[in-house]
Structure formats: C-alpha cells, structure tokens
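Dear colleague,

I am handing over to you the structure discussed below. Please look through the sequence and the model before reading my notes.

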Amino acid sequence: VIWMNLEKHRMKRMPTLKKKRYAHAATTFNIERTVYVAVAGGFHGSSITSSVEILPVCDDGDLITNGDWTEIAPMNLPRYEFGLGVYGTMLAAFGGRPANSSEHVEIYNPRIKAWQFTGEQMKIKGRRYFDTVVL
C-alpha cells in the first residue's frame, strides 16, 4: 500500500493488508477526528469476501506513520467490483457483483461496530464493474 500526498509530492509505503485480495474497493472516511483508509470485499484466493480492513492515516491533521490494519465487522454481503464511499458520515458499500443482492446499500455504523442495510437500493439496476471517487 502506497500513501501519496499529491499536494506535497510525497509518497510513503504503508503497512501491508492482512489479507491478500483483488477486485476489492477502497476509500477514505472519518470516525470522529481520525481519517482512515478502508479496503473491503473482493476476492481472497478464489472466494468472494465480505471482510473489511481499516488503517488510520491522519489524526487531527497529523499523518499517522505507525498505524496498522485492523479488521472491522464484515459487510453483510460479500461483494467484488463494487463502490465503497461515504453515505452521510458513514462508510457505505453498494453495487458490484454478484448481482443477486448487491444493489442494496449497506453502511458501517462505528457506534455499534456493525454493517446495516439502509433500505436504499441502486437507482439504476444492473450497474456492475464500477468504482467511486470521494471528494
């Protein structure tokens, strides 16, 4: 994992994920005043996974250089090639594959340390193989 600060033109190698994975999703999000990178879902070996790892990277504006990846509660649905972003103030997963129920939006609630369905679904059915950008 490489952390890039485009504003300061710096790169830093961060700790390696606990699970090797591919076709996963990643984003940044906040819990209180700490910024985390989250990596979720994808394939671990030949199995679709719902596991989620987070890494603290910034606390109160200061870069955290000694953090390590921590597993949080797994998503309710194993997904790959899906969107991971922020819904309101919470980490959210939506879309992707497999198609059977991945259109349901689920959010990670740090207060109860669990993923919950929002009751929302993707507005355009059948959207797969995409990514998200967090601004």
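The notes that follow cover the overall fold, the confidence of the model, the largest pocket and one residue of its lining.

Please keep in mind that this is a predicted model. Across the protein chain the mean pLDDT is 85, and 87% of the residues reach a score of at least 70. Confidence is highest in strand S9, residues 70–72, with a mean of 96. At the other end stands strand S8, residues 62–63, where confidence is lowest, at a mean of 74. As a general caution, predicted coordinates should not be read in detail where pLDDT is low.

As to the fold, the secondary structure of the protein chain consists of 13 strands and 0 helices. Read from the N terminus, the order of elements is accordingly β-β-β-β-β-β-β-β-β-β-β-β-β. The protein chain has 135 residues, of which 40% are buried. Among contacts in the protein chain with a separation of 6 or more, 42% join residues that lie 24 or more positions apart. The exposed surface of the protein chain comes to about 8,200 Å², and 52% of it is supplied by carbon and sulfur atoms.

I turn next to the largest pocket, which holds about 220 Å³ of space. Two or more residues of its lining come from each of strand S1 (2–5), strand S2 (10–13) and strand S7 (52–59). Of the elements, S2 gives the most to this lining, namely 3 residues. The full set of lining residues is Trp3, Asn5, Lys8, Arg10, Met11, Lys12, Val57, Cys58, Gly61 and Leu63. By character, the lining residues divide into 5 nonpolar, 3 charged and 2 polar.

One member of that lining, Val57, deserves a separate paragraph. Valine 57 belongs to strand S7. Is valine 57 buried or exposed? Its relative accessible area is 1%, and valine 57 is therefore buried, the limit for that class being under 20%. Beyond its neighbours within four places in sequence, valine 57 is in contact with Trp3, Met14, Val35, Tyr36, Val37, Asp62, Leu63 and Ile64. Two of these partners, Trp3 and Leu63, also appear in the lining of the largest pocket. Another partner, tyrosine 36, lies 21 residues from valine 57 in sequence, yet the two C-alpha atoms are 5.5 Å apart in space.

With kind regards

Notes. Residues numbered from 1 in each chain as written. Predicted model: local features only at pLDDT ≥ 70, side-chain atom pairs only at ≥ 80, totals over all residues. Heavy atoms only, no water. 1 Å grid on protein atoms, 1.4 Å probe; cavity = no way out; pocket = protein on both sides within 12 Å on 5 of 7 lines; lining within 4 Å. Points joined across faces, edges and corners; volume = space filled by probe spheres on them. Helix = DSSP H or I, 4+ residues; strand = E, 2+ residues; numbered from the N terminus. Nonpolar A, V, L, I, M, F, W, Y, C, P; charged D, E, K, R; others polar. Buried < 20%, exposed > 50% of the residue type's maximum accessible area, 1.4 Å probe, protein only. Contact = heavy atoms within 4.5 Å. Areas by Shrake-Rupley, 256 points an atom, 1.4 Å probe, with all protein chains shown as cover. pLDDT = per-residue confidence, 0-100.
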